[in-house]
Amino acid sequence: MLKIQRAERLTKLPPYLFAEIDKMKAEAKARGVDIINLGIGDPDQPTPPHIIRALNRAAENPANHQYPSYEGLLEFRQAVAQWYQNRFRVHLDPEKEVLSLIGSKEGIGHIPLAFVNPGDIVLVPDPGYPVYQAGTVLAGGIPYTMPLLEENGFLPDLERIPEDIRQRAKLMYLNSPNNPTSAVAPLEYFKKVVDFARRYNILVCHDAPYSEMYYDGNPPPSFMEAPGAKEVGVEFHSLSKTFNMTGWRIGFVVGHPEILAGLGAVKTNLDSGIFQAIQYAGIEALTGSQECVAQMRKIYQERRDVLIDGLQQLGLKVNKPQATFYVWVSVPKGFTSTGFTAHLLKNAGIVTTPGNGFGRYGEGYIRMTITVGVDRLKEAVERMKSVL
Ligand SMILES: *Cc1c(COP(=O)(O)O)cnc(C)c1O
């Protein structure tokens with residue numbers, strides 16, 4: 001018999017905290033419970049038809065059936081640069097300052113392999129998207145937690161990072177608009193980050209997949225709008241959330257050319273780029289009418305208002321999100337995050353995500369996602385009323 005022993009790096013990954021919840025979900029389903037799933041960060045709306053048509057057209061062309069170039073079609077990168085110019089007034093050189101990704105998760109997870117040596121520190125927000133920590137650990141780096149606390153508007157407090165950690169830190173992950181807290185960093189904050197990164201020679205990796213999912217007509221800034229940002233970092237983006245394209249696997253990263261070249265050197269050795277037909281669909285998404293994005297915002301804003309009103313009427317402590325499709329709710333007294341999630345699932349058939357699944361500073365919260373219709377959200381609030 002072969003003895004299968006996993007590499008040590010895999011044993012160092014953070015534990016999977018949702019096993020118990022997954023089991024309860026399966027049990028409830030088996031019992032025939034009408035489950036309201038507010039657990040997953042995946043848009044429920046379809047990809048807009050003009051984008052699908054662009055895919056269909058491109059898929060018919062045999063030139064697109066072969067290996068794509070690893071850095072992405074120049075046309076796609078030009079579309080990205082154009083989109084950045086229109087949306088953020090930021091100029092990017094499509095040849096050197098844009099790199100396509102097979103979904104932004106891929107780039108976020110791979111970038112430490114290009115820059116982090118074993119034992120190097122990586123600054124990671126907590127609670128946070130688990131890939132920041134996983135990518136760090138797989139590269140042999142040591143994650144250093146930056147707590148996201150309500151008293152700081154859920155932004156990392158740079159002042160609290162000790163001097164020796166600043167000296168040893170190689171890379172920093174940031175994420176605004178934020179998953180799971182829904183916090184938005186103002187441009188002033190990004191300016192402080194640029195100063196900090198310059199002073200300590202830290203590469204900034206800003207993750208911005210929710211930049212277009214904003215409310216009340218209030219678009220969040222890009223990290224790249226901060227003067228000097230391009231000299232200290234990069235920004236990850238995705239078509240997944242903006243255009244309801246999570247299954248398509250297309251994203252991009254922009255910013256410092258040498259940082260992109262380092263990530264590119266990892267990628268040429270591991271992947272072979274994005275199916276070109278999908279890149280043509282991505283060009284259509286970025287350069288075509290943005291009416292579908294405005295429509296998306298309208299749908300989520302209405303849902304947000306319904307859920308927030310309902311939760312507040314139940315006496316739950318929650319901030320109204322200015323962006324993202326996440327609602328970060330303080331758990332009522334007497335509950336832990338996992339306990340409250342389990343309670344809602346068992347007694348109300350509502351799936352939520354316990355905050356501690358995003359890191360230990362997520363304890364005391366649950367995350368709800370507004371990826372179901374208004375009627376279902378109202379139903380969820382009604383059910384919660386009867387179990388609180
Ligand atoms: C959804 C998400 C992503 C990435 O999505 P891709 O589909 O891989 O582009 C990245 N970061 C955060 C915080 C997300 O929530």
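These are my notes on the ligand site and the aromatic pairs in this predicted model.

**Ligand site**

I started with what surrounds the ligand. The shell has 16 residues, and Asp207, Tyr210, Ser238, Ser240 and Lys241 come nearest. By type, I get six nonpolar, six polar and four charged. I then checked which helices take part: α5 (104-115) and α10 (239-242) each supply at least two shell residues. The biggest share comes from α5, with three.

Next I looked up polar contacts to ligand oxygens. The side chain of Tyr210 has an N or O atom 2.6 Å from an oxygen of the ligand. For Ser104 it's a polar backbone atom, at 2.7 Å from a ligand oxygen. Asn179 brings a polar side-chain atom to 3.0 Å from an oxygen of the ligand. I also wanted the burial: the ligand alone exposes 390 Å², and the protein buries 94% of that.

**Aromatic pairs**

I searched the whole structure and got 17 aromatic pairs. I looked closer at Phe190 and Phe223, which sit edge-to-face with 5.4 Å centre to centre and 80 degrees between the planes. Phe190 is in helix α8 (residues 187-200) and Phe223 in the loop between β6 (203-207) and α9 (229-232), so this pair ties together parts 33 residues apart in sequence. Both Phe190 and Phe223 are buried.

Then I took Trp328 and Phe358, also edge-to-face, at 6.3 Å centre to centre and 70 degrees between the planes. Trp328 belongs to strand β9 (residues 326-330), while Phe358 is in the loop between β11 (353-354) and β12 (365-369), 30 residues apart. Trp328 and Phe358 are buried too.

Last item: I found Phe76, Trp83, Tyr84, Phe88 and Phe252 in one aromatic cluster.

Terms used
Residues are numbered from 1 along each chain as its sequence is written. Side-chain values use heavy atoms; hydrogens and water are left out. A residue is near a molecule or strand if one of its heavy atoms lies within 4 Å of it. A polar contact is a pair of N or O atoms within 3.5 Å; within protein, one must be able to donate a hydrogen and the other to accept it, and residues adjacent in sequence count only if both atoms are side-chain atoms. Accessible areas come from the Shrake-Rupley method with a 1.4 Å probe; for residues, only the protein chains shown count as cover. Helices (H or I, at least four residues) and strands (E, at least two) are DSSP runs, numbered from the N terminus. Ala, Val, Leu, Ile, Met, Phe, Trp, Tyr, Cys and Pro count as nonpolar, Asp, Glu, Lys and Arg as charged, and the others, Gly among them, as polar. Rings of Phe, Tyr and Trp (its six-membered ring) pair if their centres lie within 6.5 Å; planes under 30 degrees apart count as stacked, over 60 as edge-to-face and the rest as tilted. Buried means under 20% relative accessible area, exposed over 50%, partly exposed in between (1.4 Å probe, protein chains only).
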